[in-house]
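User: I've got a structure here and a pile of labels for its parts. Can you walk me through what earns each label?

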Amino acid sequence: MAKKIVKAMNRNQKHLNHIDTINLGSYYTPEVIVDLAYSILQKNIKNIKDFSIIDSSCGYGSFLARKNIAKRLIGADIDQKAISEAKKIIGEVDFICQNSLLNVSRPSLTIKNDEKIITIGNPPYNDTTSIIRNSIKDTSIQDKIDADIKTRDLGMSFLLSYDKLKADYVCVLHPLSYLIKKANFALLSKFAKNYKLIDGIIISSHEFSDTSRGMAFPILIALYKRDEQGMGYDYIQNYQFKVKDDGVFRLKDFDTIVNYVQKYPNKKFLNKNDRPVAKFWTLRDINALKRNRTFINEDTYNTVYVLMEKLPYYCYIDIFKQYTDRMPYFIGNCDVIIDNEKFGKIKECFIAQSVHTNPVLKNKFKFREIPGAKLKIDNYFKELLESKFGKKYATNFN
Ligand SMILES: C[S@@+](CC[C@H](N)C(=O)[O-])C[C@H]1O[C@@H](n2cnc3c(N)ncnc32)[C@H](O)[C@@H]1O
């Protein structure tokens with residue numbers, strides 16, 4: 001991208017206030033990330049010039065400032081100011097100001113029925129139901145989305161809109177959680193029926209300077225190809241994800257805590273004779289564990305009731321929380337990982353450590369001190385991290 005254009009973009013991409021930035025998901029993409037997306041496209045598509053490239057949430061047009069790359073470039077955005085600035089900065093692009101999630105069709109984007117298209121970009125991710133920053137989220141956005149692509153997250157609706165446009169390829173950034181969380185994947189079923197992930201690379205949300213204050217989460221620069229067979233969740237579990245400046249990982253390579261314990265509130269599943277010995281906060285992913293409590297005293301709608309035989313696993317999660325800062329950011333949306341065999345050999349250490357360090361358990365249970373427990377747990381995590389993610393994650397332990 002020409003230096004002049006980059007400079008102009010950097011200067012101007014700040015016209016929205018904090019509230020509108022959140023509601024429109026207006027976090028603009030740095031040039032290195034745009035370059036990465038294009039390198040993935042170029043590696044996989046020989047004849048890009050046969051395609052028109054469309055960014056239907058183009059902002060200032062970061063993904064469209066490429067001369068002679070494709071047959072035609074089209075940019076759309078709901079934000080009038082962004083579109084008029086983009087028009088000033090970038091030439092040779094057909095810009096349209098519109099809500100790209102309402103009345104989604106090829107004609108509204110001036111695309112012909114027989115035109116081969118690649119959708120590209122960084123659509124907004126904005127879970128309209130999540131609690132984080134809820135007080136300033138505008139839920140009326142949901143009324144302005146076609147019923148057949150309405151989901152609780154704008155980014156997922158964008159993916160569904162590309163299917164409606166029958167894009168031949170989709171090359172976009174989105175949270176990795178769209179694919180790896182089963183409930184999200186189910187919301188994308190119409191998309192997954194018609195597209196297959198053929199390439200991609202994971203980056204950290206901290207690559208975006210505006211979002212670098214929060215907890216890092218993994219974003220996938222994904223390349224999907226329209227495909228009659230689509231992809232099932234199994235395909236995602238077996239997919240080898242590449243990570244920028246790091247290795248690769250496959251969900252299937254991890255054993256996780258969900259294979260052993262209840263994650264969600266379980267009151268209604270308890271039997272008459274069950275006598276829970278502890279209470280635990282609802283488990284979500286590793287990033288949520290960083291924020292949330294583990295053992296609790298209260299009965300809330302989020303309480304998981306712990307039976308004696310499962311207590312060691314919940315102690316494991318409690319101790320795992322102390323090691324979450326050592327975990328790579330790219331597994332932040334995965335369930336708590338475990339090496340069940342190795343854990344089984346030292347589970348008493350986990351119980352002892354949890355009982356002696358967690359204030360809720362301390363008042364509830366007596367458990368003998370185990371000399372060297374902390375060291376054994378340190379070694380357990382060191383080996384777990386090294387075996388799954390390589391040596392660099394296993395340094396500075398004891
Ligand atoms: C994450 S920014 C990305 C902008 C640009 N593609 C980039 O990467 O720099 C998301 C953009 O989506 C736009 N947007 C949000 N909702 C939209 C909608 N319903 N239709 C069209 N654009 C929308 C916002 O105005 C914002 O410019």
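Analyst: Below we take the labels one at a time, and keep in mind that the model is predicted.

User: Let's begin with the overall count. How many helices and strands are there, and what share of the residues is buried?

Analyst: The protein has 15 helices and 12 strands. Of its 398 residues, 38% are buried. To be called buried, a residue needs 20 or more other C-beta atoms within 10 Å of its own.

User: Which strands make up the sheet of 9 strands, and what makes it open?

Analyst: The order is β3-β2-β1-β4-β5-β7-β6-β8-β9, and the pairing is mixed. At the edges are β3 (94–97) and β9 (248–249), each of which pairs on one side only.

User: How do you know that β2 pairs with its neighbours in that sheet?

Analyst: Two strands count as paired if there are at least two bridges between them, so compare that with the bridge counts. Strand β1 (residues 52–55) and β2 are parallel partners over 4 bridges, and Ile54 stands opposite Ile74 in β2. β2 and β3 also pair in the parallel sense over 4 bridges, with Cys97 in β3 as the bridge partner of Asp77. Both pairings pass the cut-off.

User: What makes β2 "mostly covered"?

Analyst: 5 of its 6 residues are buried.

User: And how do you know that β4 and β5 pair?

Analyst: Same test: at least two bridges are needed, and strand β4 (residues 117–121) pairs with strand β5 (residues 169–175) over 4, in the parallel sense. One bridge links Ile120 to Cys171 in β5. Helix α5 (residues 154–164) packs on the sheet here, touching β4, β5 and β6 (195–204). The direction of α5 makes about 175° with that of β5. Angles run from 0 to 180 degrees between N-to-C directions, so α5 and β5 run in nearly opposite directions.

User: Which residues of helix α4 are buried, and why do they count as one face?

Analyst: In α4 (residues 80–89), the buried ones are Ala82, Ile83, Glu85, Ala86 and Ile89. Looking down the axis of α4, they fall within an arc of 165°, so they line one face of the helix. An α-helix has 3.6 residues a turn, so residues three or four places apart point the same way. On the other side of α4 sit Gln80, Ser84 and Lys88, which are exposed. Exposed here means that 12 or fewer other C-beta atoms lie within 10 Å of the residue's own.

User: Where does α4 lie on the sheet?

Analyst: α4 lies across β2 (72–77) and β3, and runs at about 165° to β3.

User: What about the sheet of 3 strands: how is it ordered, and which strands are its edges?

Analyst: That one is also open, with the order β11-β10-β12 and antiparallel pairing. Its edge strands are β11 (295–296) and β12 (303–306), since each pairs on one side only. Strand β10 (residues 278–281) and β12 share 4 bridges, which clears the minimum of two. Phe280 has Val304 in β12 as its bridge partner. Helix α11 (residues 311–322) lies across β10, β11 and β12, at about 40° to β10.

User: Last one: which residues surround the ligand, and what kinds are they?

Analyst: There are 25 residues around the ligand, and the closest are Tyr28, Thr29, Ser57, Gly59 and Asn122. To count, a residue's C-beta atom has to lie within 6 Å of the ligand. The shell divides into 12 nonpolar, 10 polar and 3 charged residues. Gly counts as polar in this scheme, so Gly59 goes in the polar group.

How values were computed
Residues are numbered from 1 along each chain as its sequence is written. This is a predicted model: local features need pLDDT of at least 70, side-chain atom pairs count only at pLDDT 80 or more; totals for chains, interfaces and linings use all residues. Helices (H or I, at least four residues) and strands (E, at least two) are DSSP runs, numbered from the N terminus. The arc is that of the directions from the helix axis to the C-beta atoms. Two residues are in contact if their C-beta atoms, placed from the backbone, lie within 7 Å.
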